[in-house]
Structure formats: C-alpha cells, structure tokens
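Me: I should like to work through a structure step by step, with the reasoning set out for each point. May we begin once it is displayed?

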Amino acid sequence: MGKKTKKPGKGKEKTERKTAKADEKRARRDNKKISEEDDIDAILLSIQKEEAKKKEIHIEENVPKPSPRSNCSLNINPLKETELIIYGGEYYNGNKTYVYGDLYRYDADKNEWKLISSPNSPPPRSAHQAVAWKDHLYIFGGEFTSPNQERFHHYKDFWMLDLKTNQWEQINLKGCPSPRSGHRMVLYKHKIVVFGGFYDTLREVRYFNDLHVFDLYTYKWQEVKPRLGCIWPSARSGFQFFVFQDEIFLYGGYSKEVSSEKNNSSEKGIVHADLWSLDPRTWEWNKVKKNGMPPGPRAGFTIAVHKKRALLFGGVVDMEIEAGDVMMSLFLNELYGFQMDSHRWYPLELRKEKSTKDKKKLDQQLSGSSLEKGKADGSVDNDEEVPDFGNGNDEITKSFTKKISVNDAVADVSKEKAQEHCNSADPQTSISVEVVKPCGRINSCMVVGRDTLYVYGGMMEIKDQEITLDDLYTLNLSKLDEWKCIIPATESEWMEVSDDEDEDDDEEDSDDEEANSESDSDETDEDGNVEMNDGGKALETEEAVAILRGEKKKLRRKEKRARIEQIRANLGLSDSQRTPVPGESLREFYKRTNMYWQMAAHEHTQHTGKELRKDGFDLAESRYKELKPILDELAILEAEQKTEEAEGAETSSGKRNNKNKKNKAPQR
C-alpha cells in the first residue's frame, strides 16, 4: 500500500476550522456573564483599595531579582548612572497572565536589588513607556490584561516618580493622549514626545499615528497635527523612537489591516521597516533613506542610544512555508548600529581577541614567509586569498568534544560551566559553548549607562511555549569584546490549558495527525505557531551528535524532512550576509560577504587595506565556525534524504512493473 499523501491545503483548512471555533467561543463569552477573573473593573478596584491601605514608603534592601517579565520599562537613574529602574511588565505561563506594578532599583556596582513600595502607586501595567528627567521618572499609558486574557484595559494616566523620595504622584491635566499601549515616548530637552500605539477592545484594534508633546516647564499637553500636504508616518505600535541632537528618529513597528478581499474579514499583520526623522523645532517629518547595511524587517526589537549611534538588538522574523500552511518564527540576537549623524546602518560584531602567538603568526604570514603554514592556520596571507576549509558537503566535522545545541536544546556542558556561561547557547542556533550572548528574544528592555549596554528580560518561544526571561546581560560598548551574563535566566513555569473545548480540539488534531502520519509538512495551530508532528520534535543533543558521528540509528524519513525544513528556515531567516549558505566553504562564504565583515571590522579598529581585510576575515571565520555544526548536520541529512529518495524511486518502479505484468488495469 502506497504512502498516504497529504490533501492540498490541509493545514489551511485546519487553521480556518480552529479560527471558526475561536470566534464561536468569543461570541459565547460576550453573551455570558463576566467571570470574576475577567472583571477588570473589579480587579483594578481591589488593587486600588489595597494601595489605599499603604501609609508610608517601604524599601526592602538586597531582595531577590524581579520575576520573569516582558514589556516592562527599564531606565537609567539620572542621579546615578550605574542604577537601573525597572517598573511593571507581564508574564504568561500558558494558562494565566500576570501583570506587575512593582518598582525595582538595581545597583550594578553592588549587584543588589531594592524593592520599593509606595502609597499612591500606579496600578499594574505592561507595554507602557517611561522617561527620566532630572530627578523624576515619568510614566504614561500601558495596558492591564485579565488573567484569562479575556479583557483588556488601556491606560491614559500620567505619573511622576520622585527618584529622591520614591514618592509617586499622578499628573491629571487636560489634553493628554487617548488610552493606549505599544506607543513610544522620548525626552527632547524639556519636552516629552509621544507617538503611536494601539487600543484593543477585542472586537476591534485601532492603531494610532498621532503626535503629542508634554512641556515639563509649562506642564501642558499639546497635540501636533499634520499640516496640509506634509508626509507623516503610518499608524503603528511597537516601533522604536530615539533622539540625537535636534532630530528624533522613528524606525519599524507593527500594525494590522483588514483584508480588502470580498467575503474575507481577516486581518493581516504588517511589519514596518521604514525610517523617519522628526524635527522637534518645526514638528515636520521626513523619510530617511536607509544607507549602509540595515537589518532585515523584524518585529519586537529594542533600540538604545550610545553617543552618536543607536544600537538595535533582537526581534522576531516569521516565515510561511509549505504554501502558507506552516508558520516558523526565528528569534534574533543580532546587534546593529545606526550612525545618527550620517544616517548609516552597519552590523556590530564582537571583536576577536588575538593571542600573542596568533599575532606572531600573522606577522609571518603578512611578510610572506610561510604561505602553506598560513593556509593551515586559517589566516589571510595576501590581499585576495582566504584559506579553503573545504566544501560543507564533503568535509564533515570529525570530532565533537562538546555537545551542540539543536533547536531548543541548550549546549550540554557541566553544571559549573553552564552556570558560568549563563545558558550562553542560543536555543535556535547551534553555537560554540564558549560564546556568551543573550538568546534571541522580543520585547526586552535595553539601556546604556557609562558606556555599558544592559539587556534585560523579554520573551521567546520554544515550540508552542512562550518563555519569559529574567536574565541580565551587559556589553562594554567601548571594547565590544564580549557579552557578560550578570544574572542568569531562571526556568519559567509553563502550564497547558485544559478546558473541555481545548481537549476536544486536541483530540480532533490527534485524529488528523494519525490520518496524515506520513504527510510531508507540519500543521499550524490557531496562534500561528508551528505545531509539529513527531518528526518536528527537536532532536536530543546526544542523538544529534551521535548522528553526526555515524554512531546512531538513522532518523525516520518524516523526522528527517521536518528537521531539514527547520534548519533551512532558521538559516534562511537570518541575515544572509552573516550566515553561510548550506554547502558553502569558508573561502566561498568570505568571498561572498567580505564587504559586510570589513564594514563590521572597521567600526572596531578603523583599519584600512590589508589589516582591514584580515580583521574582516577573522570575524567571518568566527561566525562560520559558530554555525559549522548545524551546517554539517544539514549536509548529512540532505545527502541521506537524497539517497533514500533514489532508492525509493527504484523500488517503486520495480513494484509497478511487476504489478503491470500480473494485472493490467485500465488507465484512469
């Protein structure tokens, strides 16, 4: 009996069926009495009553770090550049959403946290904005979500925190922006500038592109409206807003638009990648051409300013595969720089430190004294040549002293080493365990103080689980030599929803999966996340290493197809300039991307000529070695798949010939 083939559009039909069920569930929910857990008015009133009981400011010294959270605010204390101020945020454990209203102050010099509890504090919120000016912190907007995510409340309140006394005060003035979250707010001289955001009522989502200004001298709000014939950014949320001298930049963002097709009321998400400049003296917008090497389109990234450059980190890229039936997401941990005075983008790669021995080798190679030795060491010995490490399909890594990370499996080293590196391996990319860097994430917080970049918290996904983070990383922006994990991430709890309707859906999904157990592609769930069959499950690290060594039983065909598709998607979604093509040798990789790496190297060293080419090659080599294990795995799997397909075709052909000889059936 031949293999069952998947019906065309099966994944799409399944998604539509689940969407219809979700709509029915929403209609039933709207018609029934609001449960206590979803009565936001009652919840907020209860919180307000608890706040009224507070009579004095309470400061807890040297407390544990904040719980995992995303969409919180992080600011540098203007009175002390080594102190971080964290407020609010949210955490989702797969079953319930928790929104926080706590205030933490972190002393980076002492590595100590303080928890501040004050009377008349703002109610809990996430996706708000905060800016610091002189000795005060100002907070506007944000949202509160009910535990079951059935109701949302958007704020329009404006708060001020005295950083000397830790006392909150609400500023009630006319003309403030409407309720919203996902907006952005920056400080320009003595003015707070607010733009964009969204307002969600569950029945509809409205995105804004209005511009509001609050004068900290006159204490007045002003809405700046577009003049006739002027250009203006489109409505959006989740963009980034940053200031340089008399220029305010806006980059990226996200919005949704309703489909214009007839009989189709679905919404389509739009990831913006445009760059705008606002002149705060005239309040006129201008679109900025993206020069240099800008990052690819992404959502959920973060930007912080250091001197004349803005630093972009993280974000997520979604890609549809199998004709739109499957959605795959790649959470990024790349770092880009934007030179604000010249409007130029460039990649920020960490500098590669060279030992004294390496420097001696380099001197020998540059002098031409040891050509063959230079090639063997992987160094550049003239202007054009780079060492050839062979083609990825032919030269498979022979020795693995440490286990690689595959998809969501973190590199398995000793507990002491793992603690030392603070979960350094990116769950979605196979990297060397010696590399310490934050994993890819969205909605994290990022600030700069005293030439140090701080990255805190955020969220990422592993399969269908949302992982909320509480780690803290630093990077010295003067040296750009290494990431340091100051506070490692803790393991977050994940609870599966278990109501009757979801169980019914699971049973139905199970039946579909069994009926299509040999299908060639994965399905998508109602949230657009990849819902993989058995073949889509990540390999255990031991299995991955054993397969690369040829010591383990081969993967089943379905598992192999899923893993190949997963690796291809992850490699394809990353920046092609910094990612080798499967089967590409180091020589070919550098030849194709040398301009990228030389530009990245120039930001560190300011070298030119031969020295710059050598610096660029060092960066390219480091990146190539970082991804080599995953490329090797892909080469092996593709070669095995090709062999199996050829053998399967021969077997099928033989069976058909035998069958035709015994019983000639009419052609249909």
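Me: Before the details, what kind of model is this?
Reply: The coordinates do not come from an experiment on display here; the model is predicted.

Me: Is strand β12 largely enclosed by the rest of the structure, or open, and how many of its residues are buried?
Reply: A residue counts as buried when its relative accessible area is under 20%. On one side of β12, F158, M160 and D162 are buried, and on the other side W159 and L161 are buried too, so that both faces are covered. Strand β12 (residues 158-162) is therefore largely enclosed by the rest of the structure, and the number of buried residues is five of the five.

Me: Which residue of β12 is the bridge partner of I139?
Reply: Strands of a sheet pair through backbone hydrogen bonds, either parallel or antiparallel. Strand β9 (residues 136-140) and β12 run antiparallel and are joined by five bridges. Within this pairing, the partner of I139 in β12 is W159.

Me: Which residue in the turn between β12 and β13 has a positive phi?
Reply: β12 also pairs with strand β13 (residues 167-170), in the antiparallel sense and over four bridges, and D162 has Q167 as its bridge partner. The two strands form a hairpin with four residues between them. In that loop lies a residue that is not a glycine and yet has a positive phi of about 65°; at 6% relative accessibility it counts as buried, and it is N166.

Me: What is the distance between the end C-alpha atoms of helix α2, and what span is expected?
Reply: Helix α2 (residues 40-52) has 13 residues. The expected span is 1.5 Å times one less than the number of residues, which gives 18 Å for this helix. The end C-alpha atoms agree with this expectation, as they are 18 Å apart.

Me: Against which strands do the buried residues of α2 pack?
Reply: The buried residues of α2 are I40, I43, L44 and E51. They cover an arc of only 90° around the axis, which puts them on the same side of the helix, while D41, K49 and A52 are exposed on the other side. The strands against which the buried residues pack are β10 (143-145) and β11 (152-154).

Me: With which residue does E51 form a salt bridge?
Reply: At 18% relative accessibility, E51 counts as buried. Its partner is partly exposed, with a relative accessible area of 28%. The closest N and O atoms of the pair are 3.0 Å apart, and the partner is K54.

Me: Which are the edge strands of the open sheet that contains β28?
Reply: Five strands form this sheet, in the order β22-β28-β27-β24-β23, and the pairing is mixed. An edge strand pairs on one side only. The edge strands are β22 (291-292) and β23 (302-306).

Me: How many residues apart in sequence are the parts that K307 and D451 tie together?
Reply: The side chains of K307 and D451 meet in a salt bridge (3.9 Å, N to O). K307 lies in the loop between β23 and β24, whereas D451 lies in the loop between β29 and β30, so the pair ties together parts that are 144 residues apart in sequence.

Me: Are R236 and D274 buried or exposed?
Reply: These two side chains meet in a salt bridge, at 2.7 Å from N to O. R236 lies in the loop between β17 (220-224) and β18 and D274 in strand β20, so the pair ties together parts that are 38 residues apart in sequence. Both R236 and D274 are buried.

Me: Which element supplies the largest share of the largest nonpolar core?
Reply: In soluble globular proteins, nonpolar side chains tend to be buried together. The largest nonpolar core here has 28 residues, and those with the most contacts inside it are F242, Y251 and F338. Several elements each supply at least two residues, among them β18 (240-244), β24 and α10 (609-662). The largest share, seven residues, comes from α9.

Technical notes:
Residues numbered from 1 in each chain as written. Predicted model: local features only at pLDDT ≥ 70, side-chain atom pairs only at ≥ 80, totals over all residues. Heavy atoms only, no water. Buried < 20%, exposed > 50% of the residue type's maximum accessible area, 1.4 Å probe, protein only. Pairing = 2+ DSSP bridges. Arc of directions from axis to C-beta. Contact = heavy atoms within 4.5 Å. Core = buried A, V, L, I, M, F, W, Y, C linked by side-chain atoms within 4.5 Å. Salt bridge = Lys/Arg side-chain N within 4 Å of Asp/Glu carboxyl O.
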